[in-house]
Amino acid sequence: KCLKVDAGVEEFRGIQVRLGARVILMPNFACTLKQLREKIPDPERVKISDTSSLIIDGTNITLHSLELDGALRVTAASVAVHVAVGATGKTRSQKSSNVLKIANKGHTLERLGDDELEDSAVPETLRMRGYRIRVVEERVEVFEKPGSHFVI
């Protein structure tokens, strides 16, 4: 299984939540299934653990291969920026056996205390959810300069 989305159940504010990998694909990355298939041409080469967070923000990002156990954020600042994650610049017919492997402490879900749940200074969205996402450790790749870039 490439993406573990059903790791267990926790309760936040009386609501049972099924936990698993947290994958955020911004609309500029892919809005349709067809676009998603184009951006992840080899899905069997993408493995994301049940405790991981993946955030992709950019029009011209392609996810070729990845083994993620932690957190990865990839941003392409404009349409002139092309980013290949887990690729070495070879053509599709020269498929590389290299896989981008990332292991870090990632993000955790931090339960809000009773005092925070009642505090109007805490954003309402957090109080409704009952937790905040805490960045413990993550790999961040931000590309602003036009051209082709590789995350390897």
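**Exercise 1. Contacts of Leu 66**

Which residues does Leu 66 touch, not counting residues up to four places away in sequence?

*Solution.* Note the source first: this is a predicted model. Now list the partners. Leu 66 touches Arg 45, Val 46 and Lys 47. It also touches Leu 54 and Leu 72. Val 99, Leu 100 and Ile 102 complete the list.

Next, place Leu 66 in the core. The largest nonpolar core has 22 residues. Leu 66 is one of those that touch the most other members, along with Leu 54, Ile 61, Leu 63, Val 83 and Val 85. Then find the elements behind this core. Those giving two or more residues are β4 (46–48), β5 (53–57), β6, β7, β8 (71–76) and β9 (81–85).

**Exercise 2. The setting of Ser 65**

Determine whether Ser 65 is buried or exposed, and find what its side chain meets.

*Solution.* Start with location. Ser 65 is in the loop between β6 (61–63) and β7 (66–69). Then check accessibility. The relative accessible area of Ser 65 is 0%, and buried means under 20%, so Ser 65 is buried.

Now look for a polar partner. A polar atom of the Ser 65 side chain lies 2.9 Å from the backbone oxygen of Gly 86. Finally, collect the contacts, leaving aside neighbours within four places in sequence. Ser 65 is in contact with Arg 45, Val 46, Val 85, Gly 86, Asn 98, Val 99 and Leu 100.

**Exercise 3. The aromatic pair**

Find the aromatic pair, classify it, and say which parts of the chain it ties together.

*Solution.* The count is one aromatic pair. The rings of Phe 12 and Tyr 131 have centres 4.6 Å apart. Their planes meet at 50°, so the pair is tilted.

Next, assign the strands. Phe 12 lies in β1 (residues 8–12) and Tyr 131 in β12 (residues 131–137). The pair therefore ties together parts that are 119 residues apart in sequence.

Check burial. Phe 12 is buried at 3% relative accessible area. Tyr 131 also counts as buried, at 16%. One step remains: the charged end of Arg 129 sits over the Tyr 131 ring, 4.9 Å from its centre.

**Exercise 4. The backbone of Arg 13**

What is the sign of phi at Arg 13, and where is this residue found?

*Solution.* Recall the background: most residues other than glycine have a negative phi. Arg 13 is not a glycine, yet its phi is positive, about 55°. Arg 13 is found in the loop between β1 and β2 (15–19). At 46% relative accessibility, Arg 13 counts as partly exposed.

Notes. Residues are numbered from 1 along each chain as its sequence is written. This is a predicted model: local features need pLDDT of at least 70, side-chain atom pairs count only at pLDDT 80 or more; totals for chains, interfaces and linings use all residues. Side-chain values use heavy atoms; hydrogens and water are left out. Rings of Phe, Tyr and Trp (its six-membered ring) pair if their centres lie within 6.5 Å; planes under 30 degrees apart count as stacked, over 60 as edge-to-face and the rest as tilted. Helices (H or I, at least four residues) and strands (E, at least two) are DSSP runs, numbered from the N terminus. Buried means under 20% relative accessible area, exposed over 50%, partly exposed in between (1.4 Å probe, protein chains only). A charge sits over a ring if NZ of Lys or CZ of Arg is within 6 Å of the ring centre and within 35 degrees of the ring normal. A polar contact is a pair of N or O atoms within 3.5 Å; within protein, one must be able to donate a hydrogen and the other to accept it, and residues adjacent in sequence count only if both atoms are side-chain atoms. Contact means heavy atoms within 4.5 Å. A nonpolar core is a set of buried Ala, Val, Leu, Ile, Met, Phe, Trp, Tyr and Cys residues joined through side-chain atoms within 4.5 Å.
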